[in-house]
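Me: I should be grateful for a close look at one part of the structure shown below, set in the context of the whole chain.

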Amino acid sequence: SRISPSSRINRSVAIGLLVMAATLSWVLTPVLPALDDAYIALHSAQSLVRGSDPSYGTPPLTGVTSPAYVALLTVLVSTTGSPLLALRLASAGGLLAVGAALWWLAAGLPEWKRALVVVSIIASGLTVLNATNGLESGWAMALVTGMLAAIRDDRRGFVAFGAGILPWLRPDLAPVAAGLLAYAL
């Protein structure tokens, strides 16, 4: 099967835009998270990697409020070997996920308007601060936004998946997950 020249150009443009978005997400993410809660999640991930929590003498997952985020940090700490790099990658990934979810939510608009929606929302208020605070906030924002887009597109499977994951990411958003799932069904 042959790929037309215009398809190759579109694919190249899409890859270029993704690289630019990932780079911008990285640049906008602080090297050191300002909130101490980020270091609590990181401590849990490091304890999981070690297999114990020498600081408190408790099982590694004691006190974890976001198992999904700690799992992500554990993978990143294990693969990078750098706790601060793991935190920054997780935060930048959350911001990138927010942008991708907003792009999906703005589907149906001309691409320049979709881009304007994404940039406007990310640049407004405290979006970047909340998405890159070293916590699971960016990932939760992205998941809720993606669930809204999935409801619009009648993709109940994604909504159900999101409703199952969201409470493991942010327990305080369990009612939101239940409400979105009920609405989708």
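How far apart are the mean positions of the 11 positive and 8 negative charges of the chain? Which residues of helix α9 are buried?

Reply: This is a predicted model, in which local features need pLDDT of at least 70, side-chain atom pairs count only at pLDDT 80 or more, and totals for chains, interfaces and linings use all residues. Residues are numbered from 1 along each chain as its sequence is written, and side-chain values use heavy atoms, with hydrogens and water left out.

The mean positions of the two sets of charges lie 17 Å apart; Lys and Arg count as positive and Asp and Glu as negative, without His and the chain ends, and each charge is placed at NZ of Lys, CZ of Arg, CG of Asp or CD of Glu.

The chain has nine helices and zero strands, these being DSSP runs of H or I with at least four residues and of E with at least two, respectively. Of its 185 residues, 37% are buried, that is, under 20% relative accessible area with a 1.4 Å probe, protein chains only.

Helix α9 spans residues 174-184, and its buried residues are Ala-177, Leu-180 and Ala-184. They lie on the same side of α9 because they cover an arc of only 70° around the axis, judged from the directions from the helix axis to the C-beta atoms. An α-helix has 3.6 residues a turn, so residues three or four places apart point the same way. These buried residues pack against α7 (137-152) and α8 (156-169), contact meaning heavy atoms within 4.5 Å. On the other side of α9, Pro-175, Ala-182 and Tyr-183 are exposed, the cut-off being over 50%.
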